[in-house]
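Please open the model in your viewer and keep the sequence panel beside it, since each stop on this tour begins with a selection.

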Amino acid sequence: GHTAEILRLMECLSAAYTPRHYVIADTDRMSEEKICNFESPKRLSNSVSQFTICRIPRSREVHQSWSFSVISTLNALWYSLPLVFRLRPDMV
């Protein structure tokens with residue numbers, strides 16, 4: 001899925017890209033597990049693993065109507081924009 005693709009790309013990043021902030025849907029337990037598994041070798045090695053997992057409402061649930069997905073997407077945007085301004089990431 002998308003999480004595995006992103007984590008595969010992140011394997012190529014240097015340790016200079018810290019801290020890392022992961023933004024996932026509040027109902028997404030599988031991505032949280034994949035992120036923790038990805039970050040755990042970094043914690044065990046000499047490098048310091050600095051990461052946070054931030055949760056926002058899911059933009060669209062499976063089988064959700066398209067008309068209601070507009071409202072839920074706006075809700076997710078409402079939660080994600082303050083994160084961007086608070087965390088001020090160098091790379092997205």
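Begin by selecting Arg60 and Trp66 in this predicted model: the charged end of Arg60 sits over the ring of Trp66, at 4.0 Å from the ring's centre.

Keep Arg60 selected and add Val23, Ile24, Ala25, Asp28, Ile56, Pro57, Arg58, Ser59 and Ala76, which together with Arg60 line the second largest pocket. This pocket has a volume of about 160 Å³, and its lining divides into six nonpolar residues, one polar and three charged. Strand β1 gives the largest share of that lining, with three residues.

Next, move along β1 to Tyr22, and show Phe51 in strand β2 (residues 51-56) as well; the two residues are 29 apart, so their contact links distant parts of the chain. The structure holds one aromatic pair, and how are its two rings set against each other? The centres of the Tyr22 and Phe51 rings lie 6.1 Å apart and their planes stand at 80°, which is over the 60 degrees required, so the pair is edge-to-face. Tyr22 has a relative accessibility of 8% and therefore counts as buried, the cut-off being under 20%.

Finally, with Tyr22 still shown, select His21, Val23, Met91 and Val92: these and Tyr22 are the closest to the centre of the largest pocket, among the 28 residues that line it. About 980 Å³ of space lies in this pocket. Colour α1 (2-10), β1 (20-25), α2 (29-44) and α3 (66-87) to see the elements that each give two or more residues to its lining, which comprises 18 nonpolar, six polar and four charged residues.

Note on methods: Residues are numbered from 1 along each chain as its sequence is written. This is a predicted model: local features need pLDDT of at least 70, side-chain atom pairs count only at pLDDT 80 or more; totals for chains, interfaces and linings use all residues. Side-chain values use heavy atoms; hydrogens and water are left out. On a 1 Å grid over the protein atoms alone, a cavity is a set of points where a 1.4 Å probe fits but cannot get out, and a pocket is an open set with protein on both sides within 12 Å along at least five of seven lines; lining residues have an atom within 4 Å of a point. Grid points are joined across faces, edges and corners, and a volume is the space filled by probe spheres set on the points. Helices (H or I, at least four residues) and strands (E, at least two) are DSSP runs, numbered from the N terminus. Ala, Val, Leu, Ile, Met, Phe, Trp, Tyr, Cys and Pro count as nonpolar, Asp, Glu, Lys and Arg as charged, and the others, Gly among them, as polar. Rings of Phe, Tyr and Trp (its six-membered ring) pair if their centres lie within 6.5 Å; planes under 30 degrees apart count as stacked, over 60 as edge-to-face and the rest as tilted. Buried means under 20% relative accessible area, exposed over 50%, partly exposed in between (1.4 Å probe, protein chains only). A charge sits over a ring if NZ of Lys or CZ of Arg is within 6 Å of the ring centre and within 35 degrees of the ring normal.
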